[in-house]
Amino acid sequence: MNELVWPIHVINLADNTARMENVRRQLDAQGLPFERVDAVNGWALSEQATTEVYDAAGNLRRHKQDLVLAEIGCYLSHIEAWKRIVASPAAGGIVLEDDFAAEPDLRQVLVALCAHQSPDWDIAKLFSISAPARVLRSASLEGKYDIVLPYRVPSTTLGYAISKDSARHLLDHSRPFSRPIDEDHKFFWEHGQSIALVQPNPIRVGEQDTETGTIGEARRSVEKTGRWRKLRYQLGYQMRLRWHRMRGR
């Protein structure tokens, strides 16, 4: 194991062998050992298994649309990664989904990030679709990179570092869940998590070819959610986000 970098856990569905080979090439090229996490196939979950982890009634109150099976499987896959992090002697871990593309200096960023871990953050995201419009705090990390506290936590869980204490807390409090995992990150105050972001991103979205289908494809195949439900969710989130940021959280 590379002692300078926390253990790296790559979430991958067994059928997506091409993605796994792409991951292996990228991480081997930077001298980054990793463990594969056998992803939970949401499409194969039984109704009983789904109801044990997914709070459908809470989803109606707390989210803008019903979860699809692929989203439930994705959340469970991240939970499996957290279990490994808690069981490891390291102070935290790196979680990557198998469709990332690494920048050439990813290793240097991860070394700096693991050394930097402090009470300032519990989770540090490695990717966001766009740069944050508003940053509350910023610190130099490595070369051109900074670690920032964004006013609004970005969606996506393509890659992130997480402390062991945070992984343990989320294991104890995340189930049953009612939102996708990246949406839960946006509600950071519910679990008392401080979520930072590395800027610019040391990873980006890579090849999307898959043998199993993607969450986006699964989402597009279901009935659209009513406009009122989405509006209620968006307004409620904005109000709560403002309230908690005003309180210094």
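Below are exercises on salt bridges and strand pairing in a predicted model, each with a worked solution.

Residues are numbered from 1 along each chain as its sequence is written. In this predicted model, local features need pLDDT of at least 70, side-chain atom pairs count only at pLDDT 80 or more, totals for chains, interfaces and linings use all residues, and side-chain values use heavy atoms, with hydrogens and water left out.

**Exercise 1.** Find how many salt bridges the whole structure holds, and say what Arg 62 and Glu 190 tie together.

*Solution.*
- Start with the criterion: a side-chain nitrogen of Lys or Arg within 4 Å of a carboxyl oxygen of Asp or Glu.
- The search of the whole structure yields twelve salt bridges.
- One of them joins the side chains of Arg 62 and Glu 190, at 2.8 Å from N to O.
- Now place the partners. Arg 62 lies in helix H3 (residues 56-62), and Glu 190 in the loop between helix H7 (181-186) and strand E9 (195-199), so the pair ties together parts that are 128 residues apart in sequence.
- Helices (H or I, at least four residues) and strands (E, at least two) are DSSP runs, numbered from the N terminus.
- Check exposure: buried is under 20% relative accessible area, exposed over 50%, partly exposed in between (1.4 Å probe, protein chains only).
- Arg 62, at 29%, is partly exposed. Glu 190, at 32%, is partly exposed.

**Exercise 2.** Locate the salt bridges of helices H4 and H6, and classify the exposure of their partners.

*Solution.*
- Take H4 (residues 69-87). Glu 80 and Lys 83 both lie there, three residues apart, about one turn of the helix.
- Their side chains meet at 3.1 Å, N to O.
- Glu 80 has 31% relative accessibility and is partly exposed. Lys 83 has 37% and is partly exposed.
- Turn to H6 (residues 164-173). Asp 165 and Arg 168 are three residues apart in this helix, about one turn.
- The salt bridge between Arg 168 and Asp 165 spans 3.2 Å, N to O.
- Arg 168 is partly exposed at 35%, whereas Asp 165 is exposed at 57%.
- Elsewhere, shared partners link Arg 62, Arg 179, Asp 184 and Glu 190 into one network of salt bridges.

**Exercise 3.** Determine the sense in which strands E1 and E2 pair, and the handedness of their β-α-β unit.

*Solution.*
- Pairing requires that DSSP finds at least two bridges between two strands.
- E1 (residues 8-12) and E2 (residues 35-38) have four bridges, in the parallel sense.
- For one position, His 9 stands opposite Glu 35 in E2.
- Add the helix: E1, H1 (residues 17-29) and E2 form a right-handed β-α-β unit.
- Right-handed means that, with the strands pointing away from the viewer, the path from the first strand over the helix to the second runs clockwise.
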